[in-house]
Every structure is written in C-alpha cells, then in structure tokens.
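Subject: Structure handover

Hello,

Here is the structure for you to take over. Please open it alongside this note; my findings follow below.

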Amino acid sequence: MHYLVEPGFLGSPSVRTALIVGTVVAVTSGVIGVFTVIRGQSFAGHSLSDVATTGGAGAFLAGIDQFWGFLVMGAAAALLMEGIGVQRRRGRDVATGVVLGGALGLAALFLYLGTLKTASTGASFTILFGSIFVVSPDTVPAVVAAGLIALAVIALLARPLLLTALSPDIARTRGVPVRAVGIAYLMALAVDVSLSAVAIGAVLSTALLIGPAATALRLVKSPVKAMAVAAAAGLAATWIGVLLAYDSYYWPPHGHGWPVSFFVVALVLAGYLATYARRPRRLLPRSPHEEAAECSPA
C-alpha cells in the first residue's frame, strides 16, 4: 500500500471527507448502538434504516442532498412509530412494522420515478448501499452537527434510558417520563441511522449500529466501557474499510474499486464472530481441604 505515503490517499479531498464522515458515524453509532441492544430495539433500528431509503429516494427525486431526505424521513418515522405504538414491546413491534411497510412502498415508487427521470440506476445503488467517497464537503458540517446533537441527547438521557430498559414501571414510579424518554431516544436513533445511511447506505446502516455494540457487550459488561469499545470497533472498521476500498482500485479489474460498504460490513461481522473464539475462563481447581470441608456434616 505504497500510496499511503503519497499525496493520492490522504491528499485526496474525497478521502478526507470520507474519513471525517466515517469517524462521526462510527462514534455516534457505537454509543447509540449500545443502548439499542440493551433496550432490545434492534428491530426499530433496522426499520428506521429501511425507512431512510424512502427519504433518500424522495430527496433524489426532488433534486436535493440525500442526507436531508434520510434525516427528515427518519425523524418523521420515529415520531410516528412512537405515536401509534404502546409501551409494551409487542405494541412497539406492530407499530414499527406498519410504518416500515408503508415507507418501503413509497421508497419503491420514488426509486422508480427517479430512474425514469434520470435513466440511471447509479443513484439507486448509492441510496441503498452508500458511497462515502461521493459525499459533498458541503454536507460535512451538517453531519458533524447532527452527530454531536445525537450524542448530547444520549449523554443527557443515559441513566433514564438504562432504567427504562430495566423496568419501565420502576422508572415511572421514580418520576421518569418514560414516553418522552422513548421519543427522544428514537429521534437520536433516527439521526444516527441517517448518518450511517450516508456512509454505507440505507440498507446496510444497521451494521454499524448493531454490530460493534453487540461485539462490545460480549467483551465488557459496563455500559460505559461498552460504548467506548463499540465506538473504537466501528471506527477501526470504517477507517480500514475506506483504506481497502481505495486500495481496491489497484485490484483486478483495475480502475473499478469495490464498495466501501462491503468492507465495513465485512469487518464488523468479522469482529463480532471473533468474540466467539474466546475461550471461557477456566475455574481454578479446588484444594482437597475445600472439598473435604464442603462434604463434612458441619
């Protein structure tokens, strides 16, 4: 990888933009993903990522930046899911499924009309599977601001989020506004999914949300440590993915790079599977005196 010391890699504006956006997405997804896994709302995250397809397709059809379509549609879907759902998990899943079905129908229509308008399928691929190298530098300030806002919301609501995940009834008795906390969390989740959709596409955005968080929670038990590990794992997968995607232009067939999203998702999956290779801790053998004491009548 000789190009690392040449101006072609880090000297490229598209690569610098990709690394900045990827860093924001990885850190935000790592932190919010831990709460998503703990609260058992992975399905909601997956649904919001699919709903984001509708926003991206609508933005493409309207001729505006796809990030704004992802963001607006994700926030609207989060409000609708919480508004028509109930507090019990079964009700939330039903509401999520209803919103998801309607949104995917609109996405199909928008993508169809957009294809007729431009006679090209390139935009559809970008919406579904992402292309971090084509993110406009003008979008970077909005991406950074959105990521910071989402992280600030999670930081303010960390304790209530953990308490409501443990028991909504106990949280209610302690004066926690469970519904308001749920809405704020879903809004932060929608922002994160929108950011991930910009980086690796709407369809694959759940990979950065759930994968590093699930990996971290298998390695550590503390939520704070899990957030740090998840952010680091997502950051490593994203940066290495960008590097490999750039390098793939030199692979056969030459001049046709592989998608960044493939490398990022593959690395996230590999990291998660690697946690299963850890051997469980072996208990130290007990001494004969301990065994004798345990078997004595006393």
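Is Arg172 buried, partly exposed or exposed? Arg172 is partly exposed, because its relative accessible area is 39%, between the 20% and 50% cut-offs. Keep in mind throughout that this is a predicted model.

**The salt bridge**

Arg172 has a charged partner. Its side chain meets that of Asp169 in a salt bridge, with 3.0 Å from N to O. The structure holds one salt bridge. Both Arg172 and Asp169 sit in helix α9 (residues 168-173). They are three residues apart, about one turn of the helix. Asp169 has a relative accessible area of 54%, so Asp169 counts as exposed.

**Overall make-up**

Now the chain as a whole. The chain has 14 helices and zero strands. Read along the sequence, the pattern is therefore α throughout, from one end to the other. Of the 298 residues in the chain, 44% are buried. The chain exposes about 15100 Å². Carbon and sulfur atoms supply 69% of that area.

Contacts reach far along the sequence. Take those between residues at least 6 apart: 76% of them join residues at least 24 apart.

Two examples of distant residues brought together follow. Arg16 belongs to helix α2 (residues 13-38). Arg16 and Phe133 are 117 residues apart along the chain, yet their C-alpha atoms are separated by 9.0 Å. Arg16 counts as partly exposed, because its relative accessibility is 42%.

The second example starts from Ala236, in helix α12 (residues 223-247). Its partner is Thr23, 213 residues away along the chain. The C-alpha atoms of Ala236 and Thr23 are separated by 9.2 Å. Ala236 has a relative accessible area of 37%, so Ala236 is partly exposed.

**Two covered helices**

Look next at α3 and α10. Helix α3 covers residues 42-62, 21 residues in total. At 1.5 Å a residue, α3 should span 30 Å. The end C-alpha atoms of α3 are 31 Å apart, which agrees. The helix is mostly covered, with 15 of its 21 residues buried. Gly63 follows α3, and its phi is positive, near 80°.

Helix α10 can be read the same way. It runs over residues 178-200, 23 residues in total. The expected span of α10 is 33 Å, and its end C-alpha atoms are 32 Å apart, which agrees. Here 18 of the 23 residues are buried, so α10 is mostly covered. A glycine comes next again: Gly201 follows α10, with a positive phi near 95°.

**Aromatic residues**

How many aromatic pairs does a search of the whole structure find? The search finds seven. One of them joins Trp258 and Phe263. Their ring centres are 5.9 Å apart and their planes lie at 15°, so this pair is stacked. The cut-off for stacking is under 30 degrees.

The two partners differ in cover. Trp258 is partly exposed, because its relative accessibility is 37%. Phe263 has a relative accessible area of 6%, so Phe263 is buried.

Tyr272 and Tyr276 make an edge-to-face pair. Their centres are 5.5 Å apart, with 80° between the planes. Tyr272 has a relative accessible area of 25%, so Tyr272 is partly exposed. Tyr276 is also partly exposed, because its value is 48%.

There is an aromatic cluster to inspect as well. Trp251, Trp258, Phe262 and Phe263 form one cluster. Trp258 and Phe263, the stacked pair, thus appear in it.

**A nonpolar surface patch**

Which residues make the nonpolar surface patch of about 360 Å²? They are Leu106, Leu109, Tyr112 and Leu113. Tyr112 lies in helix α5 (residues 89-118).

**Where to look**

For a quick tour, start at the Arg172 and Asp169 salt bridge in α9. Go on to α3 and α10, both mostly covered. Then view the cluster that holds Trp251, Trp258, Phe262 and Phe263. Finish at the patch that includes Tyr112.

Best wishes

Conventions. Residues are numbered from 1 along each chain as its sequence is written. This is a predicted model: local features need pLDDT of at least 70, side-chain atom pairs count only at pLDDT 80 or more; totals for chains, interfaces and linings use all residues. Side-chain values use heavy atoms; hydrogens and water are left out. Patches are made of residues with over 30% relative accessible area and no salt bridge: like charges are joined within 9 Å, nonpolar side chains (Val, Leu, Ile, Met, Phe, Trp, Tyr) within 5 Å. Accessible areas come from the Shrake-Rupley method with a 1.4 Å probe; for residues, only the protein chains shown count as cover. A salt bridge is a side-chain nitrogen of Lys or Arg within 4 Å of a carboxyl oxygen of Asp or Glu. Helices (H or I, at least four residues) and strands (E, at least two) are DSSP runs, numbered from the N terminus. Buried means under 20% relative accessible area, exposed over 50%, partly exposed in between (1.4 Å probe, protein chains only). The expected span of a helix is 1.5 Å times one less than its number of residues. Contact means heavy atoms within 4.5 Å. Rings of Phe, Tyr and Trp (its six-membered ring) pair if their centres lie within 6.5 Å; planes under 30 degrees apart count as stacked, over 60 as edge-to-face and the rest as tilted.
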